Amino acid sequence: MTKADKEGQRKAPILRFKGFTDDWEQRKLGEIGKVRSCKRIYRNQTSNIGEIPFYKIGTFGKEADSFISRELYEEYKEKFSFPQVGDVLISASGTLGRIVTYSGENAYFQDSNIVWLDNDNHLALNKYLEIYYQRIHWKASEGSTIKRLYNSDIEKTIISIPKRDEQSKISEYLKLLNKVIALYERKFKLLSRVKKYFLDNLFAEKEYPNLRFKGFTNTWEKIKLKDTQTTLTDGNYANLYPKPTDMTDADKGIPFLTGGNLKDGILDLKNAKYITKEKHSQLRSGHLEEDDIVIAVRGSLGELGYVTKQNIDWNINSQLAIIRTSKNELIGNFLLYFFLSSKGKSKLLSRQTGTALKQLPLQQLKTIVIPKTLLLEQQKISNILKTIDKTISFYKDKQQHLAEIKNTLLNTMFI
């Protein structure tokens with residue numbers, strides 16, 4: 001790829017494939033084709049079973065939950081507008097501008113809510129439009145009570161179009177990138193389901209869990225947290241609580257975590273606050289140790305974070321508490337995964353009190369009944385779930401990184 005020269009930036013993109021130098025043409029979509037939509041189907045014409053999937057605006061791009069009869073489908077397809085294979089369907093209400101490329105499956109769409117641009121050169125041009133639509137910020141007509149894209153809104157939208165060879169290069173390149181992004185996203189979602197399956201079957205409130213490592217046959221003990229050697233400490237430091245003058249930046253300070261820094265068992269420093277080292281040294285009870293669990297007891301109730309070697313000696317604010325286990329009976333990471341399971345989450349949230357200001361009092365948390373097994377089994381369970389977490393994180397990071405690259409390309413390969 002080569003960058004366009006400065007003189008051509010108005011009529012050509014910043015980034016181009018080698019060999020393309022022609023100016024791009026600006027056209028209104030209405031000059032290229034006409035916006036069409038299917039004939040409206042009414043609720044009494046649909047059912048929850050049938051032969052032809054019926055995609056409403058709410059199920060557009062997802063799995064259909066309504067159906068119409070084949071007779072009605074054939075009748076309407078004969079009489080009214082219907083997309084061709086390759087046409088790019090656009091949501092004209094709800095979340096404006098969602099797109100799906102029509103691939104030819106038997107399907108029907110709700111009139112005026114799902115539309116497409118009917119054009120003579122549809123297969124060649126639509127491959128380009130499918131990519132170009134992803135960078136358009138669709139705007140509803142001024143004064144609309146219900147946000148909606150009218151046909152005129154779409155037809156007056158101005159786009160920039162290169163010659164067909166360059167259209168093909170751009171669309172093929174970005175469609176390939178989309179496939180790779182989708183692949184990583186599918187891997188991430190699949191592994192997330194695998195993790196949930198493990199959590200729900202390992203922590204199933206039974207004497208013998210549904211899943212076990214070979215060689216373990218002992219029953220699991222059920223014990224209240226207060227009857228273990230586990231300690232719970234919150235971030236209420238009374239008159240020592242940090243003042244604005246005790247706050248500093250990341251280079252000089254110590255992370256001072258809030259509920260916003262906890263997500264799915266991970267400590268995330270995005271938008272984190274920092275306290276001075278002097279203030280940190282005064283707040284000794286909030287210093288994090290490896291294998292601690294951090295829990296939001298106010299605000300983002302029940303959100304959790306796990307302390308790794310990279311998080312040692314960080315500190316917590318008044319929204320949070322530290323759950324610290326005694327390593328000779330309970331591994332913190334094992335307890336964390338119990339709290340991340342469906343059973344564990346339910347037990348946590350059932351302890352909340354208050355109406356306007358909800359909270360999780362430490363005394364209530366101590367009454368939670370937790371599972372306990374041999375330390376070796378706890379460690380094996382923790383290790384397998386940590387491995388799954390690392391793999392999930394890998395695919396999630398890859399997907400996000402490629403999405404950022406795609407966004408940059410959409411801003412530099414088009415005008």
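A cavity here is a set of grid points where a 1.4 Å probe fits but cannot get out, and its lining residues have an atom within 4 Å of a point. Keep that in mind for the next few minutes. Good morning, everyone. What you see above is a predicted model.

Let's start with the closed spaces. How many cavities of 30 Å³ or more does a search of the whole structure find? Two. The largest has a volume of about 50 Å³. Its lining is Leu-202, Phe-203, Ala-204, Glu-205, Lys-206, Pro-209, Trp-220, Lys-222, Phe-338 and Pro-371. By class, that lining divides into seven nonpolar, no polar and three charged residues.

The second largest cavity comes in at about 30 Å³. Around it sit Pro-13, Leu-15, Arg-16, Phe-17, Trp-24, Glu-166, Ile-170 and Met-413. Strand β2 and helix α5 each give at least two residues to that lining. Six of the lining residues are nonpolar, none is polar and two are charged.

Now the open spaces. The largest pocket holds about 1200 Å³ of space. Its lining counts 37 residues. Which of them lie nearest the centre? Lys-195, Asp-264, Gly-265, Ile-266 and Asp-389. Several elements contribute at least two residues each: α5 (164-202), β17 (266-267), α7 (332-340), α8 (342-349) and α10 (375-412). The largest share comes from α10, with ten residues. Look at the chemistry, too. There are 15 charged residues in this lining, along with eleven nonpolar and eleven polar ones.

The second largest pocket has a volume of about 290 Å³. Here is its lining: Ile-99, Val-100, Thr-101, Glu-130, Gln-134, Lys-175, Asn-178, Ala-182 and Lys-406. Strand β8 (99-101) and helix α5 each supply at least two of those residues. The classes come out as three nonpolar, three polar and three charged.

One residue from that list gives us a link to another part of the chain. Ile-99 is 76 residues from Asp-23 in sequence, and the two C-alpha atoms are 28 Å apart. Where is Asp-23? It lies in the loop between β2 (15-16) and β3 (25-28). Buried or exposed, or something in between? Asp-23 has 46% relative accessibility, so it counts as partly exposed.

Next, a sheet. This one is open, with four strands in the order β13-β22-β19-β20 and antiparallel pairing. At the edges are β13 (231-234) and β20 (304-306), and each of these pairs on one side only. From one strand to the next, the twist averages 20°. Take one pair from it. Strand β19, residues 293-296, joins β20 in the antiparallel sense over three bridges. Within that pair, Ile-293 stands opposite Tyr-306 of β20.

A helix packs on this sheet. It is α7, and it touches β19, β20 and β22 (320-324). The direction of α7 makes about 155° with that of β20. How many residues of α7 are buried? Nine of the nine, so the helix is largely enclosed by the rest of the structure. Those residues are Gly-332, Asn-333, Phe-334, Leu-335, Leu-336, Tyr-337, Phe-338, Phe-339 and Leu-340. You have met Phe-338 already, in the lining of the largest cavity. And α7 itself came up among the elements lining the largest pocket.

Last stop: strand β4. Side chains in a regular strand alternate between the two faces of the sheet. In β4, Val-35 and Ser-37 make the covered face, while Lys-34 and Arg-36 make the uncovered one. Strand β4 pairs with β10, residues 114-118, in the antiparallel sense over four bridges. Across that pairing, Arg-36 stands opposite Trp-116.

Let's stay with Ser-37 for a moment. It is in β4, residues 34-37. Why does Ser-37 count as buried? Its relative accessibility is 18%, and buried means under 20%. What does Ser-37 touch, leaving aside its neighbours within four places in sequence? Its contacts are Ser-81, Asp-111, Ser-112, Ile-114, Val-115 and Trp-116. So Trp-116 appears twice: opposite Arg-36, and in contact with Ser-37.

That's the tour. Over to you.

Notes
Residues are numbered from 1 along each chain as its sequence is written. This is a predicted model: local features need pLDDT of at least 70, side-chain atom pairs count only at pLDDT 80 or more; totals for chains, interfaces and linings use all residues. Side-chain values use heavy atoms; hydrogens and water are left out. Buried means under 20% relative accessible area, exposed over 50%, partly exposed in between (1.4 Å probe, protein chains only). On a 1 Å grid over the protein atoms alone, a cavity is a set of points where a 1.4 Å probe fits but cannot get out, and a pocket is an open set with protein on both sides within 12 Å along at least five of seven lines; lining residues have an atom within 4 Å of a point. Grid points are joined across faces, edges and corners, and a volume is the space filled by probe spheres set on the points. Ala, Val, Leu, Ile, Met, Phe, Trp, Tyr, Cys and Pro count as nonpolar, Asp, Glu, Lys and Arg as charged, and the others, Gly among them, as polar. Two strands pair if DSSP finds at least two bridges between them. Axes are lines fitted to C-alpha atoms, for helices over the stretch in contact, and angles run from 0 to 180 degrees between N-to-C directions. Contact means heavy atoms within 4.5 Å.
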